[in-house]
Amino acid sequence: MPSDAMWIEMKIIVPLSEVDAVANFLIEQGANGIVEENQPQSISCSSTSNNVLLKAYIKKDAAAKKHLTAIKNYLASLSSLTGISEFSLTTNEIEDEDWNALWKSFFQPLKVTNRIVIKPTWTNYWKRADEIVIELDPGMAFGTGTHQSTRLCLKTIEEIADSLFDKSGCSLLDVGTGSGILAIAAVLLGIPKVVGIDIDYQAVECAKKNAEMNNVSNELIFTDVPLHKTAGAFSIIVANILPQTLIDLKADLLSHLAPSGYLILSGILKEKAREVMDAFIKDISFVRETQEDEWSCLIFKLICT
């Protein structure tokens, strides 16, 4: 293995029934990108013929060993609870360049809403007259539009933007912007003031490059300034991050929401939706929950009395 490898690739053969649980745990352990591949029957998961190969990537840093141990313990626990034989986990060290090459092989143009199409920079796409095409190179940042939680956010932002009679005073804050996909979509949907924040400097740099590719660099701001130090109030706040992080950020999220503003929370597995809803519903009006597969998106509105 090269000594300067920057990423650890994990390959886990998982029964279809456990894919969402395992994928969510991988994200909680810092996995940056997860790819699913259908697999033939595996001797490692012999209790089911419907297996999925999950490929996930974590940074090779001081915390990597801790994350790998936690993942191994989780898989062993899940095996014991479900009665499924030990899940197959293999690891491999890869360099940044190889990581990007792997992503390019899986990432293809995708229509994620009625109008929004996500197109990787290395492919061609014939745009229809009514479509908004976002050029994207996710790099090391989360947010390709392929994950259900990102699609739920994009659909909600599109619906809210289209419902506004006058967008001139509208603004949007994207918390945990990743690749910048949600912030860029907001600009292209006509929202004039957009800010994307992420505590990962590498993600911010990736988002800025994606904004340049979509010719919106002068129409939005990306920064690694944390939420509690971000200035201003926003008509729409979207946060597509982990459920517990959403709950921990509740006070700061609400303090940055303008009167009659919308709060969009995603990155939530269905079984966690009630927990997140209960944390927010005492302080802001619940509008609706949207779902795709095992993922939920919660929409709230700050009702002024």
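Author: A patch is made of residues with over 30% relative accessible area and no salt bridge, like charges being joined within 9 Å and nonpolar side chains (Val, Leu, Ile, Met, Phe, Trp, Tyr) within 5 Å. This is a predicted model, in which local features need pLDDT of at least 70, side-chain atom pairs count only at pLDDT 80 or more, and totals for chains, interfaces and linings use all residues. Residues are numbered from 1 along each chain as its sequence is written, while side-chain values use heavy atoms and leave out hydrogens and water.

Reader: Which residues gather in a patch on the surface, and what is its charge?

Author: Glu36, Glu271, Asp293 and Glu294 form it, and the charge is negative. Asp and Glu count as negative, Lys and Arg as positive, with His and the chain ends not counted. Each charge is placed at CG of Asp, CD of Glu, NZ of Lys or CZ of Arg. Glu36 belongs to strand β2 (residues 34-39), whereas Asp293 sits in the loop between β13 (285-292) and β14 (295-301). Strands (E, at least two residues) and helices (H or I, at least four) are DSSP runs, numbered from the N terminus.

Reader: Why does Asp293 count as partly exposed?

Author: Its relative accessibility is 48%. Buried means under 20% relative accessible area and exposed over 50%, with partly exposed in between (1.4 Å probe, protein chains only). So Asp293, at 48%, is partly exposed. Asp293 also has a positive phi of about 55°, although it is not a glycine.

Reader: How do you know that Lys59 forms a salt bridge with Asp200?

Author: The rule asks for a side-chain nitrogen of Lys or Arg within 4 Å of a carboxyl oxygen of Asp or Glu. In this pair the closest N and O atoms are 3.9 Å apart, so the rule is met. Lys59 lies in strand β3 and Asp200 in the loop between β9 (193-197) and α6 (201-213), so the pair ties together parts that are 141 residues apart in sequence. Lys59 is partly exposed at 33%, and Asp200 is partly exposed at 25%. By this rule the count comes to 13 salt bridges.

Reader: What makes strand β3 mostly covered?

Author: Eight of the nine residues of β3 (residues 51-59) are buried. Strand β1 (residues 7-15) pairs with β3 in the antiparallel sense over nine bridges. Two strands pair if DSSP finds at least two bridges between them, so nine satisfy the definition. Trp7 has Lys59 of β3 as its bridge partner.

Reader: How many bridges join β5 to strand β6?

Author: Two, and the strands run antiparallel. One bridge partner pair is Leu110 and Ile118 of β6. An open sheet of three strands has the order β5-β6-β7, with mixed pairing. β5 (110-111) and β7 (132-136) stand at the edges, each with a single partner strand, so one side of each is left without a neighbour in the sheet.

Reader: Is Glu131, in its salt bridge with Lys111, buried or exposed?

Author: Glu131 is buried, because its relative accessible area is 3%. Lys111, at 39%, is partly exposed. Their N to O distance is 3.3 Å.

Reader: What counts Glu292 as buried, when Glu292 meets Lys155 in a salt bridge?

Author: Glu292 has a relative accessibility of 16%. Lys155 is partly exposed at 32%. The N to O distance of this pair is 3.7 Å. Glu292 lies in strand β13 and Lys155 in helix α4 (residues 148-163), so the pair ties together parts that are 137 residues apart in sequence.

Note on methods:
Accessible areas come from the Shrake-Rupley method with a 1.4 Å probe; for residues, only the protein chains shown count as cover.
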